[in-house]
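Colleague: Can you walk me through this one? I'd like to start with the ligand.

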Amino acid sequence: MRRLKSIHGEWSSRGAFFLAATGAVVGLGNIWKYPYIAGQNGGGAFLLLYLLCLLLVGMPLRMAELLLGRRGRGSPPTAFHELAVDEGRWRAWAAVGVFAVVASLLILSFYSVIAGWGLDYMWMSAVGSYRGQSESAIQGVFSALNDEPWRLLMWHTLFMGMTTAVVSRGVQRGLERVARVFVPVLFILLAVLGLYAAVEGNIVKAVHYLFTPDFAALNGKVVLIALGHAFFTLSLGMGTMMAYGAYLPEDVSILRVSVWIVLADTLAALLSGIAIYPLVFAGNLPAMQGPGLIFTVLPTAYGHAKYGDAFGALFYMALVLAAWTSAIALLEPGVAWLVERGMARAKAAMVLGSVVWFLGLMTILSFNIWSGVLILGHSWFGLLDMLTGNLMLPVIGLLIVVFVGWMVAERSLRQELQFRRGVFRIWLSVLRYVTPVAMLLVLLNALGLIRGAYDGSKPISAG
Ligand code: PFF
């Protein structure tokens with residue numbers, strides 16, 4: 001096939017791509033979700049199961065997305081279109097790319113509001129507002145924050161401004177530059193916070209909670225939790241990896257770089273568990289799940305720990321950094337698409353940044369003034385969360401697997417991946433037969449069609 005070139009430029013090196021892609025995958029899911037789902041579902045046994053899911057669902061799909069992007073050399077709609085034409089397939093496959101762009105923008109609209117909570121908590125920790133407070137008092141602070149639309153709006157605007165500014169500067173001057181500085185900073189922060197918690201908190205109990213294998217806790221439901229999380233944590237099904245793959249130089253091995261990204265993502269999740277639980281257990285606080293863990297229990301724990309204000313502020317800074325590099329990845333596919341359609345990058349970033357900002361207003365209002373307004377029984381935030389996490393992402397992921405696994409010629413795949421024969425056959429068999437079944441299970445579970453299963457793919461309000 002003709003080798004296309006990305007009009008957006010390329011990552012300047014493999015290391016730059018690795019940092020940018022790691023920034024894109026490490027997000028809220030790593031920082032608060034992994035620790036509590038692992039703790040509650042078998043500790044070390046869950047970790048093993050989760051690694052297996054990463055290997056069987058995460059890796060093959062991640063490689064499929066990167067391959068699709070690099071082969072098509074463009075945003076998800078363009079990449080799908082180019083490949084469909086080359087492979088003599090139906091051009092309507094481009095619709096999957098459009099669907100992915102829409103999903104990523106919808107997600108960004110509430111991801112930004114949640115990141116705004118992080119900014120507020122960073123500020124409040126730094127000025128010592130949580131010092132010595134009880135858990136119920138901090139619960140009150142959290143409710144009060146959500147009752148103030150203007151305050152949420154201020155943080156949301158700041159966060160969207162930070163995200164739009166980076167994307168408007170392009171691949172090398174924007175995305176790459178931020179990732180080169182802030183992804184290492186994020187990992188250093190997590191390591192320092194882990195060390196601090198190990199010294200100041202109850203590390204023995206935390207390690208026991210997170211890592212002692214309890215194989216009796218594993219069952220079908222836990223498998224679905226692990227699968228759903230593997231899918232979410234690697235940011236799959238949103239086109240972000242396709243967009244990032246489009247800027248990937250020819251000579252970078254997709255397999256090798258994928259392994260490193262998965263390892264970095266897992267490391268971030270484990271470090272985060274070590275940063276959180278020793279403090280929670282030392283304060284005899286409940287090992288809660290969902291937003292309560294980070295926005296109620298943890299500030300209480302920091303509020304009673306030595307130098308807790310400073311370290312608490314650093315924790316929320318890590319949360320915001322993780323969310324920021326993910327938000328950049330959520331905005332990029334849409335902006336790249338507009339650029340391919342002839343718009344200047346800065347303008348495209350402004351247009352989509354504003355659309356997302358506006359959609360974010362709805363999320364903000366759904367926490368307060370419109371809290372009584374229900375659509376299909378959900379608040380706007382709940383509806384978006386459900387629609388994107390439970391429906392769009394698994395469906396898009398499944399379509400990507402079907403396209404790459406069954407519609408693209410083996411010759412093209414082999415040319416792109418440059419695997420040895422045996423490795424290629426294993427990859428393709430897993431992608432064709434194992435991954436789709438796993439994805440279908442995630443989808444059925446998320447839709448509530450598997451009875452009694454936990455909703456593992458819910459992005460934000462899970463738990
Ligand atoms: N992978 C992120 C997390 O674990 O929090 C969530 C996410 C971020 C998904 C960015 C998709 C994305 F483009």
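Modeller: A polar contact here is a pair of N or O atoms within 3.5 Å. Keep in mind that the model is predicted.

Colleague: OK. How far is the polar side-chain atom of Tyr 111 from an oxygen atom of the ligand?

Modeller: The distance is 3.3 Å. The backbone takes part too. A polar backbone atom of Leu 28 sits 3.0 Å from a ligand oxygen. At Thr 233, a polar backbone atom is 3.0 Å from a ligand nitrogen.

Colleague: And how much of the ligand does the protein bury?

Modeller: 100% of it. The ligand alone exposes 340 Å².

Colleague: Which elements give two or more residues to the shell?

Modeller: Helix 1 (14–25), helix 2 (28–40), helix 10 (220–233) and helix 14. Helix 2 has the largest share, with three residues.

Colleague: Which residues come nearest to the ligand?

Modeller: Val 25, Gly 29, Ser 235, Thr 240 and Leu 330, out of 14 around the ligand.

Colleague: What's the make-up of that shell, by residue class?

Modeller: Seven are nonpolar and seven polar. No charged residues are in the shell.

Colleague: Switching to the core. Which residues touch the most other members of the largest nonpolar one?

Modeller: Tyr 244, Val 404 and Trp 427. That core has 167 residues. Helix 14 (residues 308–340) supplies the largest share, 19 residues.

Colleague: What does Trp 427 touch, leaving out residues up to four places away in sequence?

Modeller: Pro 60, Met 63, Ala 64 and Leu 67, for a start. Then Val 404, Leu 413, Leu 417 and Phe 419.

Note on methods
Residues are numbered from 1 along each chain as its sequence is written. This is a predicted model: local features need pLDDT of at least 70, side-chain atom pairs count only at pLDDT 80 or more; totals for chains, interfaces and linings use all residues. Side-chain values use heavy atoms; hydrogens and water are left out. A nonpolar core is a set of buried Ala, Val, Leu, Ile, Met, Phe, Trp, Tyr and Cys residues joined through side-chain atoms within 4.5 Å. Buried means under 20% relative accessible area, exposed over 50%, partly exposed in between (1.4 Å probe, protein chains only). Helices (H or I, at least four residues) and strands (E, at least two) are DSSP runs, numbered from the N terminus. Contact means heavy atoms within 4.5 Å. A residue is near a molecule or strand if one of its heavy atoms lies within 4 Å of it. A polar contact is a pair of N or O atoms within 3.5 Å; within protein, one must be able to donate a hydrogen and the other to accept it, and residues adjacent in sequence count only if both atoms are side-chain atoms. Accessible areas come from the Shrake-Rupley method with a 1.4 Å probe; for residues, only the protein chains shown count as cover. Ala, Val, Leu, Ile, Met, Phe, Trp, Tyr, Cys and Pro count as nonpolar, Asp, Glu, Lys and Arg as charged, and the others, Gly among them, as polar.
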